[in-house]
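User: Hi! Could you walk me through this protein model with a few questions and answers?

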Amino acid sequence: SPLPGPLVLVNPRVLARSPEEQMRPWREVCLVLPPGLEVDLLRDAWVTVESADSAGRRSTRTLRGEPARAFQHEYDHLR
């Protein structure tokens, strides 16, 4: 389900992810790739993430569907 506005995840750490058989195909674009280039790949259907917010408060949440895909895309840039 959509989140109500921006989600701030400072120093995220993936605690759990969906089983391999639940991975979902996605077609992604990225601003660091040449215009028009699309990449087909598999992403976890859900991920459980521990992180802090902008005030330093730690929390754990499970992201599903599009929020999980978007998180994984951005997390790839951090690794």
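**Fold and a buried glutamine**

Analyst: Happy to! This is a predicted model, and from the N terminus on, the elements of the protein chain run β-β-β-β-β-α.

User: How many strands does the protein chain have?

Analyst: The order of elements from the N terminus on is β-β-β-β-β-α. That agrees with the count for the protein chain, which is one helix and five strands.

User: Thanks! Is Gln72 buried or exposed?

Analyst: Let's place it: Gln72 lies in helix 1, which covers residues 66–78. Buried means under 20% relative accessible area. Gln72 has a relative accessible area of 6%, so this residue is buried.

User: Which residues does Gln72 touch, not counting residues up to four places away in sequence?

Analyst: Contact here means heavy atoms within 4.5 Å. With residues up to four places away in sequence left out, the partners of Gln72 are Arg17, Arg43, Asp44 and Val47.

User: What share of the 79 residues in the protein chain do buried residues make up?

Analyst: Gln72 is one of the buried residues. Across the 79 residues of the protein chain, the buried share is 24%.

User: And how far apart do the centres of the positive and negative side chains lie?

Analyst: The protein chain carries 11 positive side chains and 11 negative ones. Taking the centre of each set, the distance between the two is 6 Å.

Technical notes: Residues numbered from 1 in each chain as written. Predicted model: local features only at pLDDT ≥ 70, side-chain atom pairs only at ≥ 80, totals over all residues. Heavy atoms only, no water. Helix = DSSP H or I, 4+ residues; strand = E, 2+ residues; numbered from the N terminus. Buried < 20%, exposed > 50% of the residue type's maximum accessible area, 1.4 Å probe, protein only. Lys, Arg positive; Asp, Glu negative; His and termini not counted. Charge placed at Lys NZ, Arg CZ, Asp CG, Glu CD.
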